[in-house]
Amino acid sequence: MTESAPSFALLPGAAESPVLLHVPHSARAIPADVRDGIVLDDAALERELDHITDAHTAEIAERAAALAGITPWRFENRLSRLVVDPERFPDEREEMAAVGMGAVYTRTTHRGELRPAGTDPEPLVARWFRPYARAMTEAVAGRLAATGRAVVIDVHSYPSEPLPYELHGTGPRPPVCLGTDAFHTPPELTEAARKAFAGCGETGLDSPFAGTYVPLDFYGTDARVSALMVEIRRDTYMTEPGGPAGAGLERLATALAALVDAVPTTDPGDRAVPPSPSR
């Protein structure tokens, strides 16, 4: 990836849609100068990317957007999370920093060395993390301005067997895990997700991964922003750890589209949002 290539993309949906499908971990691209700071050889790096990448989740979101009755907006990270992880707190609030996986990773999924000890994260945070955070904040603000609300649905995947880096890997690993937040995840959104994914196997809550992503400008303060994390177990749609997708991808995309369609296009005052003139 060249310096001028965009590291993320906002893909427009319908003007009346409050839904933003967020795909932060699907890409494998690493700029050459960032690659220089990673100690793994090429073969080991490819293996690490197989384990850490939420493979094919951008395709699931793209297909779901095409199937939905009202097209949601999409925000995609075009860089690997080994560059920066846009969903981590960039400070001491991040519990994953304990295993070297804060906003800038220094350790691998198997707790080996990824970057040298003492690596300063600030250059990568300034170059990649903060612009991404600003763009996501603007994307959510755009949905609030247009519809009076925003619904961020995070699209992730996770391995069928726990990896050594996981802090909470001993709990249930259902086909679909829904990550929730006490402030930003209303019960009706969780219930809609359970119904939408009912045909994909058991749906669990907050195990093995919990929480949701909300830009910090809105986090814990603006109830107009709802959020839900959808974690899909990889063996339900692909060959692990980094292989091709299978028939399960279409089933999951259809379920995600059903969840998108279950989100009403109304603002918190229950005023219907007028349809886009282009639709």
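**Reading contacts and burial in a predicted model**

Me: Asp33 and Arg127 join their side chains in a salt bridge, with N and O 2.6 Å apart. What counts as a salt bridge?

Reply: A salt bridge is a side-chain nitrogen of Lys or Arg within 4 Å of a carboxyl oxygen of Asp or Glu. The model is predicted, so local features need pLDDT of at least 70 and side-chain atom pairs count only at pLDDT 80 or more, whereas totals for chains, interfaces and linings use all residues. Residues are numbered from 1 along each chain as its sequence is written, and side-chain values use heavy atoms, with hydrogens and water left out.

Me: Which parts of the chain does the pair of Asp33 and Arg127 link?

Reply: Distant ones: Asp33 belongs to helix α1 and Arg127 to helix α4, 94 residues apart. Helices (H or I, at least four residues) and strands (E, at least two) are DSSP runs, numbered from the N terminus.

Me: How many salt bridges does this rule give?

Reply: The count is 16. One of them joins Arg28 to Asp50, whose closest N and O atoms are 2.9 Å apart. This pair also links distant parts of the chain, since Arg28 lies in the loop between β2 and α1, and Asp50 in helix α2, 22 residues apart. Another salt bridge is formed by the side chains of Glu76 and Arg78 at 3.2 Å, N to O. Salt bridges with shared partners also connect Asp54, Arg81, Asp85, Arg88 and Arg234 in one network.

Me: Is Glu76 buried or exposed?

Reply: Burial is read from relative accessible area: buried means under 20%, exposed over 50%, and partly exposed in between (1.4 Å probe, protein chains only). Glu76 is buried, at 9%, whereas its partner Arg78 is partly exposed, at 31%. In the salt bridge considered at the outset, Asp33 is partly exposed at 44%, and Arg127 is partly exposed at 26%.

Me: Where are the buried residues of helix α2 placed around its axis?

Reply: The general idea concerns periodicity. An α-helix has 3.6 residues a turn, so residues three or four places apart point the same way. In α2 (residues 42–52), the buried residues are Ala44, Leu45, Glu48, Leu49 and Ile52. They lie on the same side of α2, because they cover an arc of only 140 degrees around the axis. The arc is that of the directions from the helix axis to the C-beta atoms. These buried residues pack against α1 (32–35), contact being defined as heavy atoms within 4.5 Å.

Me: What is found at the start of α2?

Reply: A side-chain oxygen of Asp41 comes to within 3.2 Å of the backbone nitrogen of Ala43.

Me: How should the environment of strand β2 be read?

Reply: Consider how many of its residues are buried, and on which faces. In β2 (residues 19–23), five of the five residues are buried, so the strand is largely enclosed by the rest of the structure. Val19, Leu21 and Val23 occupy one side, Leu20 and His22 the other, and both faces are covered.

Me: Which strands are joined to β2?

Reply: Two strands pair if DSSP finds at least two bridges between them. Four bridges join β2 to β4 in a parallel arrangement, and Val19 has Val151 as its bridge partner in β4. Four bridges likewise join β2 to β3, again parallel, where Val23 stands opposite Glu76.

Me: How many aromatic pairs are there, and by what rule?

Reply: Rings of Phe, Tyr and Trp (its six-membered ring) pair if their centres lie within 6.5 Å; planes under 30 degrees apart count as stacked, over 60 as edge-to-face and the rest as tilted. A search of the whole structure yields five aromatic pairs. Phe8 and Phe75 are stacked, because their ring centres are 5.5 Å apart and their planes lie at 20 degrees. The pair spans distant parts of the chain, with Phe8 in strand β1 (residues 8–11) and Phe75 in strand β3 (residues 73–77), 67 residues apart. Phe8 and Tyr132 have ring centres 5.6 Å apart and planes at 80 degrees, so this pair is edge-to-face. Together, Phe8, Phe75 and Tyr132 form one aromatic cluster. Within it, Phe8 is partly exposed at 23%, whereas Phe75 is buried at 1% and Tyr132 is buried at 3%.

Conventions: A polar contact is a pair of N or O atoms within 3.5 Å; within protein, one must be able to donate a hydrogen and the other to accept it, and residues adjacent in sequence count only if both atoms are side-chain atoms.
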